[in-house]
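Colleague: Before I use this chain for any calculation, I would like to go through its architecture with you, one question at a time. Could you put the sequence and the structure up for us?

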Amino acid sequence: VAGFAPSEADRLRRAFSRKHNDALIEQYYQKFLVGAKARGATAAEAEKVFKKFNGQYMFPESHAFAFGVTAYQASWLKYYYPLEFFVAIFNQQPMGFYNLETLKEDAKRHGIKALNPDINLSSDKCLIENGALRIGFLNVTGLGKASADAILAGRQKGGDFKSIGKFLERTGVLEEVALNLASAGAFDSLEPNRRKVKWEIGLRYRPINTQLSLPLPVEQDIVELTRPTNWESMKEEYNVLNLYPTGHVMAQMRPRFNRGFFTSQDIEKLSDGAFITTAGLIIRRQRPRGKVVFITLEDEFGHIPCMVFGPTYEKYEYTFRSPFIIIEGRLTRREGTCNVVINQVKPFNALDKVPASKDFR
């Protein structure tokens, strides 16, 4: 606009970050006006352009613009192609603000069903299967690219796996990998009793070495075992997948909290000032500059935004580190926002391995 050389423009950029820079900025401003006028701009136009890069808000403005474009594009994709959107997001982890469990719950609220890994249907990454999201092998803890490639190669070479023995024989995966796949439900299409699957893996597994293994029969050593409960299966899926594809831990625990406890769904209908008791999994802890801590709880229906003021936070600081909490507080609605102002909190136990929260200190 004003004919500045690149080096001169960079010196102007640096001048904005200096202390007591008013006189220096004024020199550049006058030179900018002269240069802009020489290139055909009016004084008003030159002044308007100069104010656009005044150095005080350049980064936030450009950052906000970039985020605005990204947010619009992502929202468009999520609205018109939700299945493709969530499959792509799953395959780009780790990234962004939310853990996979929270993303899966959001997908569920948009009509997208998540399917457990399957030794005959999954790929290395998540994929689309009959209008649902099929979780990939790489989402299973302890299963890396080499193991995923071995499973896919074994399936491509010999077709679908018809038995656990053939799976172990044709893939050569480690016992730990096979057991984690069993915990994730990847063998359910062959045998729905995951406890029985693990027993058979233990019987059939042979470490790979220079000597060929002798395929001895194991049928006589297979025993009848009770199937894991829904709670046991859920805990194992959280352990090996960091999510529970078919549900949410709070749905399993709801009978414990069904009297006098509000869900996120209930809270949406309450008015300002309502007294609330609720429970959930913490997925966010934020403490921007100031005295207020912002916490988001998640249950099987959605999110519960909360605020904690300084004295309350200091009183219960250790308790707020717990992944699962019960809270009491008042609902506040201001300018379109909704928060529960917490005044009491206590922890409760639910899972050994918990989906990670996003915490900013």
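Colleague: In which strand is Asn339 found?

Modeller: The model is a predicted one, and what follows should be read with that in mind. The strand that holds Asn339 covers residues 337-347, and in the numbering of the chain it is strand 8.

Colleague: Is Asn339 buried or exposed?

Modeller: Not counting residues up to four places away in sequence, Asn339 touches Pro305, Cys306 and Met307, and also Arg330, Leu331 and Thr332. Its relative accessible area is 12%, and because a residue under 20% is classed as buried, Asn339 is buried.

Colleague: How does Arg285 count, as buried or exposed?

Modeller: Arg285 has its place in strand 4, which spans residues 275-286, and its C-alpha atom is separated by 9.4 Å from that of Leu297, 12 residues apart along the chain. The relative accessibility of Arg285 is 9%, and since the limit for burial is 20%, Arg285 counts as buried.

Colleague: Turning to the helices, which residue of helix 3 does Tyr28 touch?

Modeller: Tyr28 lies in helix 2 and, at 12% relative accessibility, counts as buried. The C-alpha atoms of Tyr28 and Ala15 are separated by 9.2 Å, with their positions 13 residues apart along the chain. Leaving aside residues up to four places away in sequence, Tyr28 touches Phe4, Glu8, Arg11, Leu12, Ala15 and Phe50, and among these the residue listed for helix 3 in its contact with helix 2 is Phe50.

Colleague: What is the orientation of helix 2 to helix 3?

Modeller: The axes of helix 2 (residues 22-38) and helix 3 (residues 43-52) come within 9 Å and cross at roughly 135°. An angle over 145 degrees would be needed for roughly antiparallel, and 65 to 115 degrees for roughly perpendicular, so helix 2 is to helix 3 oblique.

Colleague: How many residues of the contact of helix 2 with helix 3 are charged?

Modeller: Helix 2 passes helix 3 in a right-handed crossing. The contact is made by Ile25, Tyr28, Tyr29, Phe32, Leu33 and Ala36 on the side of helix 2, and by Ala43, Ala46, Glu47, Val49 and Phe50 on the side of helix 3. These divide into 10 nonpolar residues and no polar ones, and the number of charged residues is 1.

Colleague: How many residues are charged in the contact of helix 8 with helix 10?

Modeller: The axes of helix 8 (residues 164-171) and helix 10 (residues 194-204) come within 10 Å and cross at roughly 50°, and the two helices are therefore oblique to each other. Helix 8 brings Ile164, Gly165 and Leu168 to meet Val197, Glu200, Ile201 and Arg204 of helix 10. The residues of this contact divide into 4 nonpolar and 1 polar, while the charged ones number 2.

Colleague: How many of the residues of helix 5 are buried?

Modeller: Helix 5, residues 82-91, is mostly covered. Its buried residues are Pro82, Leu83, Phe85, Phe86, Val87, Ile89, Phe90 and Asn91, and of the 10 residues in helix 5 the number buried is 8.

Colleague: For the whole chain, what is the radius of gyration?

Modeller: The secondary structure of the chain comes to 14 helices and 9 strands, and its C-alpha atoms fill a box of roughly 95 × 55 × 35 Å along the principal axes. For a compact globule of 361 residues one would expect a radius of gyration near 21 Å, but the chain has 28 Å.

How values were computed
Residues numbered from 1 in each chain as written. Predicted model: local features only at pLDDT ≥ 70, side-chain atom pairs only at ≥ 80, totals over all residues. Heavy atoms only, no water. Helix = DSSP H or I, 4+ residues; strand = E, 2+ residues; numbered from the N terminus. Buried < 20%, exposed > 50% of the residue type's maximum accessible area, 1.4 Å probe, protein only. Contact = heavy atoms within 4.5 Å. Axes fitted to C-alpha atoms, helices over the stretch in contact; angles between N-to-C directions. Parallel < 35°, antiparallel > 145°, perpendicular 65-115°, else oblique. Left-handed = near helix turned anticlockwise from the far one by under 90°. Nonpolar A, V, L, I, M, F, W, Y, C, P; charged D, E, K, R; others polar. Rg over C-alpha atoms; globule rule 2.2 N^0.38 Å.
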